[in-house]
Amino acid sequence: MEDNAKMEQFQQRIDAGEKIEPKDSMPEKYRKQLIRMISQHAHSEIVGMLPEGNWITRAPSLQRKLSLIAKVQDEAGHGLYLYCAAETLGIDRDELVQQLLDGKAKYSSIFNYPTLTWADIGVIGWLVDGAAIVNQTMLAKASYGPYSRAMIRICKEENFHKRQGMEIVATMAAGVPAQKKMAQDAVNRWWWPSLMMFGPHDSDSPNSGVLLKWKVKTKTNDELRQRFVNLTVPQARAMGLSIPDPNLKYDPETKNWNFGEIDWDEFYQVIKGNGPCNEERIEARRKAHRDGAWVRDAAAAYAAKHADKSNVA
Ligand code: 3HC
């Protein structure tokens, strides 16, 4: 049982806007929530490399290949960064990775959709990284120090990801009719899954209450989703692309773009593992883990050898 006085003191620190650091006293539930959220975030970054990595060898020019390689490398770094943040909470990254490989850990639903054309790579940068920026800008104010600091660095790189994506989409939308059609098709396939990235409606979000109370989240799923829609619809219109939502309508009173209902059956099917690419993504991660075993063994042997030396010295 958590000592009430300690809980009260912790809440006072949160309410005062203080950062909680790894060695600070914290409720076990706070620690567990952060491990859940940060590990899923880390898994999402690593799995997110797969759909985009699929196009590195097929990028239409050297410049496009260079910026895509840079982006995918960034995502790997974000994942490792976030595994480090999770480890400050007393869990080992090998344990987290094994949970993912065993199919026991979640990662963002968005990465379970196929990348069918080059336009998908632009739309992922624009919509998926755009949605991530909206969410991560909020998480940069999270009460847990290591997570909020990781977000500050990651958001800087995400901005490059979004810009390179928008530039690809804008170029195709202003290209020949076949290119514009390809870009519109990609928007039609990625729009709704991008809205699902923000999670279920607030009323169906079992974790949001405590995350808001402890200022891990400072905005709700629906608030962030609405902000993303308000930012993105004008960008689509500027590029001459339409949003695949017949109910999309601007409300001059609230200054919001009101949008239609999300297909929550699809959302829950995808997070249950029944999305278009779930199996393919996990199998690719398992293969990469098997193929990379020799690197991990070599690094561990090197570290052990040098640890002995420094102990002797
Ligand atoms: N994909 C998979 N699972 C999701 C999900 C999604 N899009 N949205 C919600 N869920 C899961 C939650 O994990 C939770 O399940 P759990 O209790 O078993 O973990 C359940 O659905 C209920 O959702 P809640 O709203 O209660 O969960 P949260 O309060 O945690 O909110 C979240 C969900 C908004 C994803 C939040 O966890 C979050 O902000 N996570 C950190 C950011 C993150 O993970 N982003 C993923 C994308 S990373 C990315 O885009 C990389 C970029 O480089 C492209």
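In this predicted model, the residues that line the second largest pocket divide into 9 nonpolar, 2 polar and 4 charged. That pocket holds about 410 Å³ of space, and among its 15 lining residues the ones nearest the centre are I46, L80, Y83, R285 and H289. At least two residues of this lining come from each of helix 3 (49-53), helix 4, helix 5 (93-101) and helix 12 (278-291), and helix 12 gives the most, with 4 residues.

The largest pocket can be described in the same way. Its volume is about 980 Å³, and of the 42 residues that line it, Q40, S108, N135, M197 and G199 are the closest to its centre. Two or more residues of this lining are given by each of helix 2 (28-47), helix 4 (62-87), helix 6 (118-139), helix 7 (145-173), helix 10 (221-238) and helix 11 (264-274). Which helix supplies the largest share of the lining of the largest pocket? That share, 9 residues, comes from helix 6. By residue class, the lining of the largest pocket divides into 20 nonpolar, 12 polar and 10 charged residues.

Helix 4 appears in the description of both pockets, since it gives two or more residues to the lining of the largest pocket and at least two to the lining of the second largest pocket.

Two lysines in loops deserve a separate look, and the backbone angle phi is the place to begin. Most residues other than glycine have a negative phi. K215, however, has a phi near 50°, which is a positive value in a residue other than glycine, and K255 likewise has a positive value, near 60°. The table sets out these angles together with the loop in which each residue is found.

| Residue | Phi | Loop |
|---|---|---|
| K215 | near 50° | between helix 9 (208-213) and helix 10 |
| K255 | near 60° | between strand 1 (249-251) and strand 2 (256-258) |

Are these two lysines buried or exposed? K215 has a relative accessible area of 30% and is therefore partly exposed, because that class lies between the limits of 20% for buried and 50% for exposed. K255 has a relative accessible area of 56%, and so K255 counts as exposed, because the exposed class begins over 50%. Taken together, K215 is a partly exposed residue in the loop between helix 9 and helix 10, whereas K255 is an exposed residue in the loop between strand 1 and strand 2.

How values were computed. Residues numbered from 1 in each chain as written. Predicted model: local features only at pLDDT ≥ 70, side-chain atom pairs only at ≥ 80, totals over all residues. Heavy atoms only, no water. 1 Å grid on protein atoms, 1.4 Å probe; cavity = no way out; pocket = protein on both sides within 12 Å on 5 of 7 lines; lining within 4 Å. Points joined across faces, edges and corners; volume = space filled by probe spheres on them. Nonpolar A, V, L, I, M, F, W, Y, C, P; charged D, E, K, R; others polar. Buried < 20%, exposed > 50% of the residue type's maximum accessible area, 1.4 Å probe, protein only.
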